[in-house]
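Could you walk me through this structure in my viewer, stop by stop? I would like to know what to select next and what is there.

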Amino acid sequence: MIFRSYCILAQKAARVLVSGKHQLPTCIWLSLRRSASSMAVCPVLSVQPTRALVDEKFQIVVRNLHPKQEVTVHSLHHSEDKDCWEAFGHYISDENGTVTVMEDASRGGTYTGTEPMGLLWSLRPIPGSRHGLRLRKRNVLSPMVVNISVYKGHMNQGFSEEAALATVVTERWYLAPGVQRVDIREQGVKGTLFIPPGPGPFPAVLDMWGGGGGLVEYRAALLASHGYVALALEYLTPDKKRTLDIEGGYFEMAYHILQSLPQVSSDRVAVLGLSFGASVTLTLAAYSKTAKPRCCVCISGSHVQPVNKTLYEIFQLMNQSLAKARIDENNHVIWRDIILPIPTEPDLKVDVGKIKCPLLVVIAQDDQNWATVESTEDMEQIMERSGNRHLLTVLSYPDAGHLIEPPYTPHIRFSKFINQFNRAKVMMLWGGQTKPHADAQEDAWEKILLFLQKHLYQDIPPAAKL
Amino acid sequence: MIFRSYCILAQKTAQVLVSGRHQLPTCIWLSFRRSASSLAVCPPVLSVQPTRALVDEKFQIVVRNLRPKQEVTVHSLHHSEDKEYWEAFGHYISDENGTVTVMEDASRGGTYTGTEPMGLLWSLRPIPGSRHGLRLRKMNVLSPMVVNISVYKGHLNQGFSEEAPLATVVTERWYLVPGVQRVDIREQGVKGTLFIPPGPGPFPAVLDIWGGGVGVAEHRAALLASHGFVALALDYLSVNKKGILHVETGYFEMAYNILQSLPQVSSERVAVLGLSLGATATLTLAAYSKTAKPRCCVSISGSHVHHLKILFGILQRMNQRLPKTRLDENNHFILRGVFLPIPTEPDLKVDVDKIECPLLIVIGQDDQSWATVESTEDIEQIMERSGKRNLLTVLSYPDAGHLIEPPYTPHVRCSTFINQHSREKVMMLWGGQTKPHADAQEDAWEKILLFLHKHLYQDIPPADKL
């Protein structure tokens with residue numbers, strides 16, 4: 001009984017139908033062993049809940065250990081890109097042989113201190129992985145699967161060669177049950193619509209990502225899981241011809257399509273954008289004669305963007321300014337100086353003094369990609385002068401970086417970036433330190449949801465008051 | 001805007017990819033309407049936490065943004081695998097903030113009354129016009145039970161499909177946690193389904209034995225695996241090709257042996273759990289087997305009268321006006337008479353004084369199918385006389401019936417029972433009143449899990465103490 005190879009397990013499980021297809025790669029299970037002596041007491045690992053939305057917390061408890069036993073609690077995720085990400089914390093059980101991750105302090109690993117969600121936000125590619133990885137879920141109809149395990153002793157590596165004491169599999173979902181996903185291809189507008197269950201109508205959010213381009217769905221899916229019809233909009237693709245076609249009218253058309261859906265309350269629509277998408281959001285809010293959002297959210301964005309230009313022209317101009325980009329000692333590209341100094345000419349930045357709706361600005365003080373701190377200072381001054389400063393709320397996070405994602409998304413200080421316009425591949429520096437960045441993501445998302453709820457669910461629209 | 005037909009919705013969502021395929025049948029959504037005036041006020045917000053849970057976990061339902069002191073109905077709807085509709089509902093009045101909190105507020109009418117956090121599940125019943133004698137059982141445990149929770153204006157008692165709800169949330173109730181493996185077992189003549197928790201193991205195990213009337217019900221074994229036990233749901237009624245219900249003790253011993261010998265199982269930490277006929281099999285194994293030595297046993301709605309062979313014979317001839325059976329005023333079949341009086345001769349009943357391991361007996365005092373109350377009294381006396389009373393724990397629930405299922409399973413007082421071999425049907429009276437039966441299921445399951453945990457996870461086996 002001393003050696004139990006999981007080769008036997010693999011053979012016996014030849015007809016396995018795995019619930020939700022959570023089978024780990026064979027390399028990880030096959031050579032595990034457990035000696036006879038460890039069978040005297042079985043450690044019990046519990047993770048509650050095992051299925052949750054990505055912005056929900058879980059509680060991890062390990063019981064039946066020896067008192068004052070050193071253990072490592074470990075998380076493992078096998079991404080859609082087939083990379084393995086892991087995180088771990090070093091714990092010592094109490095006198096009852098229990099470790100409670102929500103209450104106990106990790107003394108080492110990828111995070112330290114009392115961090116209930118450290119096993120997610122400190123995930124990083126395992127040693128030997130490719131460089132410049134970023135964790136993004138493309139298929140939101142399936143969950144992100146994370147294995148939580150507990151190991152004997154305080155380990156820092158070699159987790160795949162050791163037998164864990166116990167493992168639990170958890171699912172992290174971007175979608176609540178019943179949310180519908182609909183492909184939108186209408187009047188030249190391309191995007192993905194997410195509709196909460198129920199008769200509606202619902203408030204809605206137009207959701208835009210940044211210069212990385214493509215169609216990124218997970219934040220819109222999460223917004224729909226919180227009760228908003230959400231349209232994830234694609235406006236930047238490698239297809240140059242398509243970018244050529246996109247005028248300012250494209251975004252107004254997208255807003256109009258969203259607003260006109262039978263499931264949407266037409267007077268309760270917000271616009272939310274990150275990075276370049278934030279600039280688009282400000283442009284829409286300031287200048288559009290037809291799109292009148294109830295409120296807007298700008299994450300890691302700037303008002304510095306040429307006015308009255310097509311998307312193509314804007315990117316052309318931006319490429320010219322790339323000369324101001326710097327490269328750090330690791331060959332990481334820093335774009336933050338491109339829009340500095342903040343211009344004074346009116347046609348080079350959005351006139352935020354014209355914005356008539358509440359605006360929530362979320363920025364990171366260690367943003368190495370875009371000069372959002374300086375931009376926000378300038379925006380505050382403009383709005384002060386125009387008398388609409390009371391519409392503005394600013395959330396500014398020390399030591400956070402550019403990519404302010406939904407909570408518990410692993411922080412990455414840099415990653416591979418493909419310039420959609422000229423197809424150049426660089427290693428882009430986003431900035432931020434892991435722990436403060438994780439805190440910023442968690443706090444910002446909570447406040448973004450409260451902001452949307454206040455303006456889209458609670459306030460009565462002016463027209464209805466008559 | 002006064003009329004918004006969901007015909008438009010159906011057309012626009014031609015490319016819908018529904019998350020988890022939770023789309024309700026078209027008949028329910030298509031004719032909803034929402035008038036313009038209701039758009040003036042803030043939309044009511046319904047939240048159900050969590051939206052994905054194990055079937056034995058509680059949920060919290062809150063309705064906000066109602067008017068103060070507003071009458072509403074909170075409603076649940078489930079579309080079963082048999083294509084039947086089950087519903088439940090409670091009548092509530094919002095507080096001065098326009099909030100209804102199901103966990104704290106009292107339902108004043110509907111399918112349940114009082115403060116009942118889980119009433120929307122355990123009081124589910126077939127909608128008016130359904131077939132008679134239905135019973136809710138999940139056959140495919142790899143997918144969740146989907147329940148729609150809705151809130152309606154006013155105190156409704158019927159016609160829910162013709163009214164537009166104010167809001168709806170879709171919830172999933174799972175028998176399986178992520179990572180549990182399901183394996184078909186066909187070995188040495190033994191047939192069943194194995195469920196293995198994730199992780200390196202080895203784990204304690206449970207041999208799970210149902211009663212007569214259904215092939216193999218996997219849901220309890222799946223749930224046990226979700227609580228950390230390797231569980232084998234045993235099929236013993238359909239194995240015999242000659243069509244004779246005739247399975248010897250040897251079959252159960254073989255099943256026990258197969259389970260115990262798996263590499264994932266701690267061979268000295270195996271329990272046997274049975275309901276109804278399966279409980280008799282459990283007692284038989286525990287009393288007579290020379291090879292199977294379970295660490296503990298659970299007998300639900302079971303009896304030590306009669307021996308298995310006799311019981312098989314009874315099952316075969318059930319609708320043939322067996323002596324001592326009767327029909328009540330609704331033509332429901334009451335079986336319990338065949339077990340009475342409890343014989344005094346020891347060889348007419350299972351020798352429970354030969355049982356050497358802890359035994360948990362769970363019975364409903366309104367059991368109309370088996371004479372479990374009388375049987376348990378006799379078991380207590382026998383074990384008292386042989387000095388083994390300390391091994392026995394009895395949980396006896398007033399007004400609970402025969403079918404003591406996992407928590408929140410809808411109570412049925414009677415249902416169609418099909419003889420496995422002759423395929424003849426009777427309407428079997430199981431007994432029990434809905435509310436006490438629901439309480440019994442919830443309490444019994446909690447205690448069964450504690451019992452299994454105590455004896456299979458916490459106690460150190462005698463051999464290891466040396």
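Here is a tour that starts with overall confidence, moves through sheets and ring contacts, and ends in the nonpolar cores.

**Before you zoom in**

Please keep in mind that this is a predicted model. The predictor gives the complex an ipTM of 0.88 and a pTM of 0.89. Colour chain B by pLDDT to begin: its average is 87, and 86% of its residues score at least 70. Now select residues 1-40 of chain B, where pLDDT stays under 50. The model has 83 contacts beyond four places in sequence for this stretch. Where pLDDT is low, the predicted coordinates should not be read in detail. You may like to hide that segment for the rest of the visit.

**Chain B as a whole**

Switch to a cartoon view of chain B, which has 10 helices and 22 strands. Of its 466 residues, 61% are buried. Among contacts in chain B with a separation of 6 or more, 72% join residues 24 or more positions apart.

**Stop 1: a strand with two partners**

Select residues 190-196 of chain B, which form strand β12. Is this strand enclosed or open to the outside? Of its 7 residues, 6 are buried, so the rest of the structure largely encloses it. Add residues 181-187 of chain B, strand β11, which pairs with β12(B) in the antiparallel sense over 7 bridges. The two strands make a hairpin with 2 residues between them. In the turn, B:Q188 has a positive phi of about 50°.

Next, show strand β14 of chain B, residues 230-235, which is also antiparallel to β12(B), over 5 bridges. Click on B:T193: in the β11(B) pairing it is the bridge partner of B:D184, and in the β14(B) pairing it stands opposite B:A233.

**Stop 2: two sheets in chain A**

Which strands make up the open sheet of 6 strands in chain A? Their order is β3-β10-β9-β5-β6-β8, and the pairing is mixed. The edges are β3 (51-53) and β8 (124-125) of chain A, each of which pairs on one side only. Within this sheet, select residues 70-78 (β5) and 84-92 (β6) of chain A, an antiparallel pair with 9 bridges. To check the register, show A:V73 and its bridge partner A:G89 in β6(A).

Chain A also has an open sheet of 3 strands, ordered β2-β4-β7 with antiparallel pairing. Its edges are β2 (44-48) and β7 (99-100) of chain A, each with a single partner strand, so one side of each has no neighbour in the sheet. Select β4, residues 59-63 of chain A, to see it pair with β7(A) over 2 bridges. One of the residues to label here is A:V61, whose bridge partner in β7(A) is A:T100.

**Stop 3: aromatic rings and charges**

Turn on side chains now; a search of the whole structure finds 20 aromatic pairs over all chains. Look at B:F89 and B:F160, whose ring centres are 4.9 Å apart with planes at 45°, so the pair is tilted. B:F89 belongs to strand β6 (residues 85-93) of chain B and B:F160 to the loop between β9 (145-153) and β10 (167-174) of chain B, so their contact ties together parts 71 residues apart in sequence. Both residues are buried.

For a charge over a ring, select B:R52 and A:W173: the charged end of B:R52 is 3.7 Å from the ring centre. A second example lies within chain B, where the charged end of B:R135 sits over the ring of B:W430 at 5.8 Å from its centre.

B:W430 leads to B:S369, since B:S369 touches B:W430 as well as B:L335, B:R336, B:F339, B:H402, B:M428 and B:L429. You will find B:S369 in the loop between β19 (359-364) and α8 (372-385) of chain B. This serine is buried, with a relative accessible area of 1%.

**Stop 4: the nonpolar cores**

Finish with the largest nonpolar core, which has 142 residues. The residues with the most contacts inside it are A:F251, A:L258 and A:L452. Helix α10 (residues 434-458) of chain A gives the most to this core, 10 residues. Centre on A:L452 and look for its contacts, including A:V205, A:L223, A:Y228 and A:V297. Then select A:F251, which ring pairs link into a cluster with A:Y235, A:Y250, A:F276 and A:F315.

Another core, of 137 residues, lies apart from the one with 142. Among its members are B:W122, B:A221, B:I300 and B:M318.

Terms used: Residues are numbered from 1 along each chain as its sequence is written. Chains are lettered from A and ligands numbered from 1 in the order in which they are written. This is a predicted model: local features need pLDDT of at least 70, side-chain atom pairs count only at pLDDT 80 or more; totals for chains, interfaces and linings use all residues. Side-chain values use heavy atoms; hydrogens and water are left out. Two strands pair if DSSP finds at least two bridges between them. Helices (H or I, at least four residues) and strands (E, at least two) are DSSP runs, numbered from the N terminus. pLDDT is the predictor's confidence in each residue, from 0 to 100. Contact means heavy atoms within 4.5 Å. Buried means under 20% relative accessible area, exposed over 50%, partly exposed in between (1.4 Å probe, protein chains only). Rings of Phe, Tyr and Trp (its six-membered ring) pair if their centres lie within 6.5 Å; planes under 30 degrees apart count as stacked, over 60 as edge-to-face and the rest as tilted. A charge sits over a ring if NZ of Lys or CZ of Arg is within 6 Å of the ring centre and within 35 degrees of the ring normal. A nonpolar core is a set of buried Ala, Val, Leu, Ile, Met, Phe, Trp, Tyr and Cys residues joined through side-chain atoms within 4.5 Å.
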